[in-house]
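I opened the notebook to record, step by step, what I looked up about how helices pass one another, where a pocket lies and how one peptide bond is set.

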Amino acid sequence: MQTVRKRQVKDLHLKSTPGVSKENVAQKKKQRFHFDLWLCLTVQNWILDFGRPIVMIILPLEWFPLNKPSAGDYFHMAYNVITPFLLLKLIERSPRVLSRTAVYLCIITFVMGASIHLVGDSINHRLILSGYQLHLSVRENPIIKDLKPASLIDSFELLYYYDEHLGHLMWYLVTEGQIAELFLLTFVAMVAMVIFQHHKGLGPDSNGLFLFYSFGVTVLLVALWVAYLWNDPVLRNKYPGLIYVPEPWSYYTLHIKKSH
């Protein structure tokens, strides 16, 4: 009799606690940190994405002629295959059943945006080797000004749009200057969701916390980057607008390449 009463009291306690249910408790027991996938995503991002321009700069130009893909291009191709695969594996392990249509559309958009960026970035790198200066606008670049016919300049501006705006937007690469607003809005939405869940007695699991803290660290690093270049007049002119986040490539052609 006492055992039955204890069970009834325990059940009443669970029901009276805001936002807590048996289903929630069961889910928390099943959740685990996906170390393998997060490690692969982190390592391949540092090597295949962050390391891509470094490889293009370091390796001799003779190894990769300007009319052939560079080492960085091959890194980019690998990234375009590995990243969506890892994202799909991560979604498979989600405790919630997500809409297949939404997942397919997101992954297709990601791959399309990354592919657009691959082509644009590959050509941009070759332009840099020919004297193109990324800290200047397309029309202000010395090697572009004298192009004949003048309509070719419009074609290069279209290439820049595909590479730096549309490609980045579809690729979710949103910590660069052109579309940093989307990154900040996403982070604000994540903060609001965490606060909302906290008031209901819920919270993200270890995977959600890892993603949330990763975004938080990114915001901090971007803030330090912006503070370092806050008073740079050339980059200020290149990136006007409410939110000022200079691109690393622009910093390279303005401050590093000239010193070599």
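Entry 1. The model I am reading is a predicted one, and I began with the helix pair α5 and α7, which are oblique to each other because their axes cross at roughly 140 degrees, a value that falls outside the range over 145 that would count as roughly antiparallel. I noted that α5 covers residues 100-129 and that α7 covers residues 151-171. The axes of the two helices come within 8 Å, and the crossing in which α5 passes α7 is left-handed.

Entry 2. Which residues of α5 and α7 meet? On the α5 side I listed, among them, F110, M112, I116, H117, D121 and L127, and on the α7 side the list includes F156, L159, Y162, E164, H168 and W171. Sorted by class, the contact of α5 with α7 holds 12 nonpolar, seven polar and three charged residues.

Entry 3. Just before α7 I looked at the backbone around P149, which has its place in the loop between α6 (142-145) and α7. The peptide bond that leads from K148 to P149 is cis, and its omega is near -5 degrees.

Entry 4. I then turned to helix α3, residues 35-58, and helix α4, residues 71-92, whose axes come within 9 Å and cross at roughly 165 degrees. With that angle over 145 degrees, α3 and α4 are therefore roughly antiparallel to each other, and their crossing is left-handed. In α3 the residues that meet α4 include L37, W38, L41, L48, R52 and M56, while α4 brings, among them, F75, H76, Y79, I82, L86 and K89 to meet α3. By class I recorded 15 nonpolar, five polar and three charged residues for the contact of α3 with α4.

Entry 5. Where is the second largest pocket, and which residues line it? Its lining is made by L88, I91, E92, R96, V97, L98, S99, R100, V103 and Y104, and the elements that each give two or more residues to this lining are α4 and α5. I wrote down a volume of about 250 Å³ for the second largest pocket, and I divided the residues of its lining into six nonpolar, one polar and three charged.

Entry 6. Looking back over the pages, I see α4 twice, as a helix that meets α3 and as an element of the pocket lining, and α5 also twice, as a helix that meets α7 and as an element of that lining.

Key. Residues numbered from 1 in each chain as written. Predicted model: local features only at pLDDT ≥ 70, side-chain atom pairs only at ≥ 80, totals over all residues. Heavy atoms only, no water. Axes fitted to C-alpha atoms, helices over the stretch in contact; angles between N-to-C directions. Helix = DSSP H or I, 4+ residues; strand = E, 2+ residues; numbered from the N terminus. Parallel < 35°, antiparallel > 145°, perpendicular 65-115°, else oblique. Left-handed = near helix turned anticlockwise from the far one by under 90°. Contact = heavy atoms within 4.5 Å. Nonpolar A, V, L, I, M, F, W, Y, C, P; charged D, E, K, R; others polar. 1 Å grid on protein atoms, 1.4 Å probe; cavity = no way out; pocket = protein on both sides within 12 Å on 5 of 7 lines; lining within 4 Å. Points joined across faces, edges and corners; volume = space filled by probe spheres on them.
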